[in-house]
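Student: Before we look at the model, could we agree to set each value against the definition behind its label?
Tutor: Yes, let us go through the labels one by one.

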Amino acid sequence: MADLGKFVDEFSGLKRGGHGNLTVGAISASAAQLLTSAIREIRQRRPLLVVKILEQSSDQLIVWLEEKKLDIMVGRFTETRHHAHFHFEALAGETVWVVAGHDHPLLQREHLDLCELGSWPWILYPPATAIRQLFDQSFAAAGLVAPNGMVETPSIFTTLELLQATDMLSLQPRAAVEKYVNKGLLGRIKVPIHRTMSNYGVITRKDEVPSQQMEEFIGILRKLAGMEKNSDAE
């Protein structure tokens, strides 16, 4: 049924003068920079291509990929069994920041330890995500119990609104929040996070011949990720 629905959508698009459809699922960090640049480039190459973007956490995206609601996913595996069903090509790593609203009292502090943040309420990603696991591991390594007062959401937009309206803290990918910090909408809490997340990448279904637009889009992502790595190395 998913295949039939996809065929009907693509056929309808062609009748309207379009050139196919591409549905991409993406985690917040990739959507912030890499995905945006990739969409801009494929739109230049294929101006009539219909591109649909679904932004969610990896655990939900991979369910949609398995159900064939997505053509491509940009994220991470969340279960061991995924290796048997999907192909993964690493793209980039992620630096994480602890952020808060622009007038948060902790922003006045120059030197902070993670233990000093345990009494504050947090906005966190769902438990199955890599960044939530990084948060839990960081607190456990410091001998701390994870905070009780928290909001769980994969939405960067909900997080941004909550950070600006409350005294909550959040661990976020740098790529997703850096521009808001630079504009003064958020502030970065300078506390060291010694652990790192695994790279995110392009995930596709195994034993499936990709469409021409899928191959082209993956090639653009690969090229842009390579350019970012070279820029970081310089």
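Student: Which backbone oxygen does the side chain of S170 reach?
Tutor: In this predicted model, the side chain of S170 reaches the backbone oxygen of I123 at 2.9 Å.

Student: What makes the pairing of the side chains of S170 and Q172 a polar contact?
Tutor: The side chains of S170 and Q172 are joined at 2.9 Å, and since a polar contact requires a pair of N or O atoms within 3.5 Å, the distance satisfies the cut-off, so the label applies.

Student: Why is S170 called buried?
Tutor: S170, which has its place in strand 8 (residues 169-173), has a relative accessibility of 0%; buried means under 20%, and therefore S170 counts as buried.

Student: Which residues is S170 in contact with, leaving aside its neighbours within four places in sequence?
Tutor: With those neighbours left aside, the contacts of S170 are W97, V98, V99, W122, I123, T159 and L163.

Student: What makes the lining of the second largest cavity divide into seven nonpolar, one polar and no charged?
Tutor: The lining consists of V98, L114, W122, F135, S138, F139, L171 and I193; because Val, Leu, Trp, Phe and Ile count as nonpolar whereas a residue outside the nonpolar and charged lists counts as polar, S138 is the polar one, in agreement with the division into seven nonpolar, one polar and no charged.

Student: Which element gives the most to that lining, and how much space lies in the second largest cavity?
Tutor: Helix 6 gives the most, with three residues, and about 30 Å³ of space lies in the second largest cavity.

How values were computed:
Residues numbered from 1 in each chain as written. Predicted model: local features only at pLDDT ≥ 70, side-chain atom pairs only at ≥ 80, totals over all residues. Heavy atoms only, no water. 1 Å grid on protein atoms, 1.4 Å probe; cavity = no way out; pocket = protein on both sides within 12 Å on 5 of 7 lines; lining within 4 Å. Points joined across faces, edges and corners; volume = space filled by probe spheres on them. Helix = DSSP H or I, 4+ residues; strand = E, 2+ residues; numbered from the N terminus. Buried < 20%, exposed > 50% of the residue type's maximum accessible area, 1.4 Å probe, protein only. Polar contact = N/O pair within 3.5 Å; in protein donor to acceptor, adjacent residues only side chain to side chain. Contact = heavy atoms within 4.5 Å.
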